[in-house]
Amino acid sequence: MQTIITEQFKMHQQLIENACILLRESIGIMAVGMTDCFKRGDKILLAGNGGSAADTQHFVAELVGFIGKKRLTGNSLDHRHLHFNRCG
C-alpha cells in the first residue's frame, strides 16, 4: 500500500511540474491582465456550468476575500443568474 501511495504522489508531482512548465507564461499574462483590470476599477466576470460554476464561485470568493487584504470586485455568473444566459 505504501508503494502505491508513493507512486501516486510521484505521478501527481510530475503532472504539476509539467503544468508549471507549460502554463507559467500564460498564467503570468493572465495575472497581469487581471491586475490591470482591477487598477482601472473594472471587475472580473466569470461564468460556468455545473462543476465549473462551483470553480468560478470559489475563484470570486478568493478575489473578494483576502487578496492583499483589499476587497476586489468580481461576479460569478452561475445558476443564480439564469436571466443572463437567456438574453440574446
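Start with the largest nonpolar core, which has seven residues: Met34, Cys37, Phe38, Ile44, Leu46, Val60 and Leu63. Three elements each give two or more residues to this core, namely α1 (2-39), β1 (44-47) and α2 (51-64). Of these, α1 supplies the largest share, with three residues. As background, nonpolar side chains tend to be buried together in soluble globular proteins. Keep in mind that what you're looking at is a predicted model.

Now zoom in on one member of that core, Cys37. Cys37 has a relative accessible area of 8%, so it counts as buried, given that the cut-off for buried is under 20%. Which residues does Cys37 touch once you leave aside its neighbours within four places in sequence? Those contacts are Asp42, Lys43 and Ile44, and Ile44 is itself listed in the core.

Cys20 makes a handy counterpoint. Its relative accessibility is 40%, so Cys20 counts as partly exposed. If you were hunting for cysteine pairs, the structure holds zero disulfides.

How far does the predictor trust all this? The protein chain has a mean pLDDT of 80, and 73% of its residues reach 70 or more. Among the chain's elements, α1 has the highest mean pLDDT, at 93, while helix α3 (residues 82-86) has the lowest, at 44. The pLDDT is below 50 over residues 82-88, and this stretch has one contact in the model beyond near neighbours in sequence. To tie the ends together, the helix that gives the core its largest share, α1, is also the element with the highest mean pLDDT.

Terms used: Residues numbered from 1 in each chain as written. Heavy atoms only, no water. Core = buried A, V, L, I, M, F, W, Y, C linked by side-chain atoms within 4.5 Å. Buried < 20%, exposed > 50% of the residue type's maximum accessible area, 1.4 Å probe, protein only. Helix = DSSP H or I, 4+ residues; strand = E, 2+ residues; numbered from the N terminus. Contact = heavy atoms within 4.5 Å. pLDDT = per-residue confidence, 0-100. Disulfide = S-S within 2.5 Å.
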